[in-house]
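Here is a short tour of a structure you can turn around on screen as you read. We will go from the sheet to the core and then to the charged pairs.

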Amino acid sequence: QVQLVESGGGLVQAGGSLRLSCVASGLTFSRCNMGWFRQAPGKEREVVAAIGRSGGSTFTDSVKGRFTISRENAKNTVYLQMNSLKPEDTAVYYCAAKYSSYGINYDYWGQGTQVTVSS
């Protein structure tokens, strides 16, 4: 059974930082492409960052220069370091995994962790 468990969310003031972690089990983590998504109230879910098997990463424009994504295969964990947080970063953040390197659909999802940025 595949499980993705996010942690690290919370309440932070604008300009602050948080690091989200996602621990995966039940899959071959080193073969997976990993992504972080977020969904704010009343908005559609959007991809925030993604990291491939080899470590290459992409980011949505609104977080470039502020967020970094990394992975630690030995711990089956992917991280999202979020700096210079803004109120508009407030959302539920989800971790996702897929084996395919193509397409936009992810196979497995976590339950999400709430990030709230106060102004």
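## The open sheet

In this predicted model, four strands make an open sheet, ordered β1-β3-β8-β7, with antiparallel pairing. The edges belong to β1 (3–7) and β7 (67–72); each has a single partner strand, so one side of each is left without a neighbour in the sheet. From one strand to the next, the twist averages 15°.

Take a look at the β1 edge. Its antiparallel partner is β3 (residues 18–25), and five bridges join the two strands. Val-5 is a handy landmark here, since you will find it opposite Val-23 in β3.

## The nonpolar cores

Strands of a sheet are held in pairs by backbone hydrogen bonds; side chains are the next topic. The largest nonpolar core has 28 residues, and the members touching the most others are Met-34, Trp-36, Val-78, Leu-80, Met-82 and Tyr-93. Two or more residues come from each of β3, β4 (33–39), β5 (46–51), β7, β8 (77–82), β9 (91–98) and β11 (113–118). In soluble globular proteins, nonpolar side chains tend to be buried together.

Met-82 is a good residue to click on. Apart from neighbours within four places in sequence, Met-82 is in contact with Gly-16, Ser-17, Leu-18, Leu-20, Arg-66, Phe-67, Tyr-93 and Val-115. There is also a second, separate core of five residues, among them Phe-37, Ala-50, Ala-96 and Tyr-106.

## Salt bridges

How many salt bridges does a search of the whole structure find? The search finds five. In one of them, Arg-38 pairs with Asp-89, with 2.9 Å between the closest N and O atoms. Arg-38 sits in strand β4 and Asp-89 in the loop between β8 and β9, so this pair ties together parts that are 51 residues apart in sequence. Are these two partners buried or exposed? Arg-38 is buried, at a relative accessible area of 5%, and Asp-89 is buried too, at 1%.

Asp-89 also meets Arg-66 in a salt bridge, at 2.7 Å from N to O. Arg-66 belongs to the loop between β6 (57–59) and β7, while Asp-89 is in the loop between β8 and β9, so the pair ties together parts 23 residues apart in sequence. Arg-66 is buried, like Asp-89. With Glu-46 included, Arg-38, Arg-66 and Asp-89 are linked in a network of salt bridges.

Lys-64 and Asp-61 form another salt bridge, at 3.0 Å from N to O. Here Asp-61 counts as exposed, with 62% relative accessibility.

Technical notes:
Residues are numbered from 1 along each chain as its sequence is written. This is a predicted model: local features need pLDDT of at least 70, side-chain atom pairs count only at pLDDT 80 or more; totals for chains, interfaces and linings use all residues. Side-chain values use heavy atoms; hydrogens and water are left out. Two strands pair if DSSP finds at least two bridges between them. Axes are lines fitted to C-alpha atoms, for helices over the stretch in contact, and angles run from 0 to 180 degrees between N-to-C directions. A nonpolar core is a set of buried Ala, Val, Leu, Ile, Met, Phe, Trp, Tyr and Cys residues joined through side-chain atoms within 4.5 Å. Buried means under 20% relative accessible area, exposed over 50%, partly exposed in between (1.4 Å probe, protein chains only). Contact means heavy atoms within 4.5 Å. A salt bridge is a side-chain nitrogen of Lys or Arg within 4 Å of a carboxyl oxygen of Asp or Glu.
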